[in-house]
Structure formats: structure tokens, C-alpha cells
Amino acid sequence: RMHEQQVHADAGGLVLEGFLIAALVREKKLNTYAEVNCASSCTQILVSGIDRAVSPRALIGFHKSGPVVEDGEDAAAAKEAAKSDQDLLFKLPFQRAGVENAFLEKAFSTPHDDIWNPSLDEMLAARFLTRRSSGSEYVVPAGIGISRAEAESALLAEPVWQLVKEKR
């Protein structure tokens with residue numbers, strides 16, 4: 001089955017970028033689907049969809065956010081504040097989607113250098129996913145037939161992408 005408005009989640013990523021993409025997915029009320037693997041920040045995007053499914057062969061992985069590197073005189077205080085902000089950004093899409101607290105506790109207590117891969121049944125029961133997929137779905141890539149400049153222009157019409165560009 002094909003969905004017109006669907007975002008293809010991929011493996012891993014950075015917390016801020018994952019949060020911003022997740023916010024856009026939620027704002028646009030898009031569906032999300034992971035075909036093979038989705039871990040770390042990718043799960044922020046996957047959980048932000050309205051209709052959330054994964055193929056039966058998909059491996060979904062969770063762990064707490066990674067370390068924050070800060071240099072300077074007040075590095076320890078800055079690092080602690082940044083880590084707290086990062087953890088909040090990482091968890092917010094899951095809380096907005098109504099994922100059960102016990103699932104979140106297990107997901108975000110897994111060390112950053114490890115990974116927890118819950119079963120499909122666990123993800124459904126915790127409301128991380130909204131349904132089972134038969135695996136016969138596929139994603140139609142957005143932007144086919146348009147130039148990079150046209151795609152960038154369309155993205156920059158959204159405030160969230162303007163923020164991402166400013167951060168770069």
C-alpha cells in the first residue's frame with residue numbers, strides 16, 4: 001500500500017536535526033514508515049508521523065542521546081546544560097505521540113554506545129507504532145523531477161529549515 005504523504009525514516013542522526021525534522025513531520029501531519037533500519041534520532045522522526053509503521057524486517061533501535069562536547073572555561077556547566085536540553089529535545093516527540101512512559105524509560109536508559117531493539121509487539125503496545133505493516137508498502141521519494149535549487153527553495157519557505165540553515 002502506498003501513502004502519498006509519507007516520510008522515509010533512515011538510520012541514526014543528530015538530536016537537533018532529528019527534532020526539527022520530527023517537528024515538520026508532525027506539523028504537516030505526515031505518515032512515517034521505516035523499511036529496514038531506524039535508530040537513534042531517526043526514531044524521533046518515525047514517532048512523529050500520524051500513521052507509523054515499519055516493515056516486518058525493520059530493526060528499530062533506541063538509546064539515550066550522546067555526549068555533548070563543550071570547550072572553554074565553564075565547559076562542565078555548559079556541557080551539563082547542553083546535555084539537559086539535548087535530552088529534552090530527544091524525548092519530546094515521543095511524549096507528544098503518547099508513547100508509554102515505561103517504554104521511554106527503557107529506551108532512554110540504554111547507554112549511548114549500546115542499542116535496544118524492541119519487538120514489533122512491544123512498539124505497538126507502547127504506542128510507538130500505530131499499526132503492523134505487511135511489508136508490501138513502499139515510499140515514493142519526494143522531489144523527483146525537480147532541481148536541487150527548487151527543492152532548497154521549497155524547504156526554505158518553512159521557518160524550521162531557515163533555522164537549520166542559520167545553524168550551519
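Asn-31 counts as buried in this predicted model, because its relative accessibility comes out at 16%, under the 20% cut-off. Its place is in strand S2, which covers residues 31-34. The side chain of Asn-31 has a partner in the backbone: one of its polar atoms lies 3.2 Å from the backbone nitrogen of Asp-51.

That brings in Asp-51, which sits in the loop between helix H2 (42-47) and strand S4 (52-54). Being in a loop doesn't put Asp-51 out in the open, since at 14% relative accessibility it counts as buried. Its side chain is busy too. One polar contact, of 2.7 Å, goes to the side chain of Arg-131, and another, of 3.3 Å, goes to the side chain of Thr-130. Put together, Asp-51 meets Asn-31 through its backbone nitrogen, and it meets Thr-130 and Arg-131 through its side chain.

Helix H2 has a link to that same stretch of sequence by way of Leu-46. This residue, placed in H2, is buried, with a relative accessible area of 0%. Leu-46 and Leu-129 are 83 residues apart along the chain, yet their C-alpha atoms are separated by just 8.4 Å. A second pairing across the sequence involves Arg-57, from the loop between S4 and strand S5 (59-61). Here the C-alpha atoms of Arg-57 and Ser-134 are 10.0 Å apart, with their positions 77 residues apart along the chain. Unlike Leu-46, which is buried, Arg-57 counts as exposed because its relative accessible area of 57% is over the 50% mark.

Stepping back to the whole chain, the protein has 7 helices and 5 strands. Read from the N terminus, these run β-α-β-β-α-β-β-α-α-α-α-α. Of its 168 residues, 39% count as buried.

How many disulfides does the structure hold? The count is 1, and it is formed by Cys-38 and Cys-42, with their sulfur atoms 2.1 Å apart. The link is left-handed, with -110° about the S-S bond. Both ends are tucked away: Cys-38 counts as buried at 0% relative accessibility, and Cys-42 is buried as well, with a relative accessible area of 1%. Between these two cysteines in the sequence comes Ser-40, in the loop that runs from strand S3 (37-39) to H2. At 12% relative accessibility, Ser-40 is another buried residue.

Ser-40 also stands out for its backbone. Most residues other than glycine have a negative phi. Ser-40 goes the other way, with a positive phi near 60°. Arg-127 does so too, its phi being near 70°. This arginine is found in the loop between helix H5 (120-125) and helix H6 (148-156), and at 43% relative accessibility it counts as partly exposed. Lys-29 joins the list with a positive phi of about 55°, just after helix H1.

Helix H1 itself covers residues 15-27, 13 residues in total. From its first C-alpha to its last it reaches 18 Å, close to the 18 Å expected at 1.5 Å a residue. Its buried residues are Val-15, Gly-18, Phe-19, Leu-20, Ala-22, Leu-24 and Val-25.

Some of H1 also faces an internal gap. Rolling a probe the size of a water molecule over the atoms shows where empty space is left. A search of the whole structure turns up 1 cavity of 30 Å³ or more, and the largest cavity has a volume of about 30 Å³. Which residues line the largest cavity? They are Phe-19, Ala-22, Ala-23, Arg-26, Ser-48, Pro-93 and Arg-96. H1 gives the largest share of this lining, 4 residues, and both H1 and helix H3 (75-96) supply at least two residues each. Sorted by class, the lining has 4 nonpolar, 1 polar and 2 charged residues. Phe-19 and Ala-22 turn up twice in this account, being among the buried residues of H1 and also in the cavity lining.

How values were computed. Residues are numbered from 1 along each chain as its sequence is written. This is a predicted model: local features need pLDDT of at least 70, side-chain atom pairs count only at pLDDT 80 or more; totals for chains, interfaces and linings use all residues. Side-chain values use heavy atoms; hydrogens and water are left out. The expected span of a helix is 1.5 Å times one less than its number of residues. Buried means under 20% relative accessible area, exposed over 50%, partly exposed in between (1.4 Å probe, protein chains only). A polar contact is a pair of N or O atoms within 3.5 Å; within protein, one must be able to donate a hydrogen and the other to accept it, and residues adjacent in sequence count only if both atoms are side-chain atoms. On a 1 Å grid over the protein atoms alone, a cavity is a set of points where a 1.4 Å probe fits but cannot get out, and a pocket is an open set with protein on both sides within 12 Å along at least five of seven lines; lining residues have an atom within 4 Å of a point. Grid points are joined across faces, edges and corners, and a volume is the space filled by probe spheres set on the points. Ala, Val, Leu, Ile, Met, Phe, Trp, Tyr, Cys and Pro count as nonpolar, Asp, Glu, Lys and Arg as charged, and the others, Gly among them, as polar. A disulfide is a pair of cysteine sulfur atoms within 2.5 Å.
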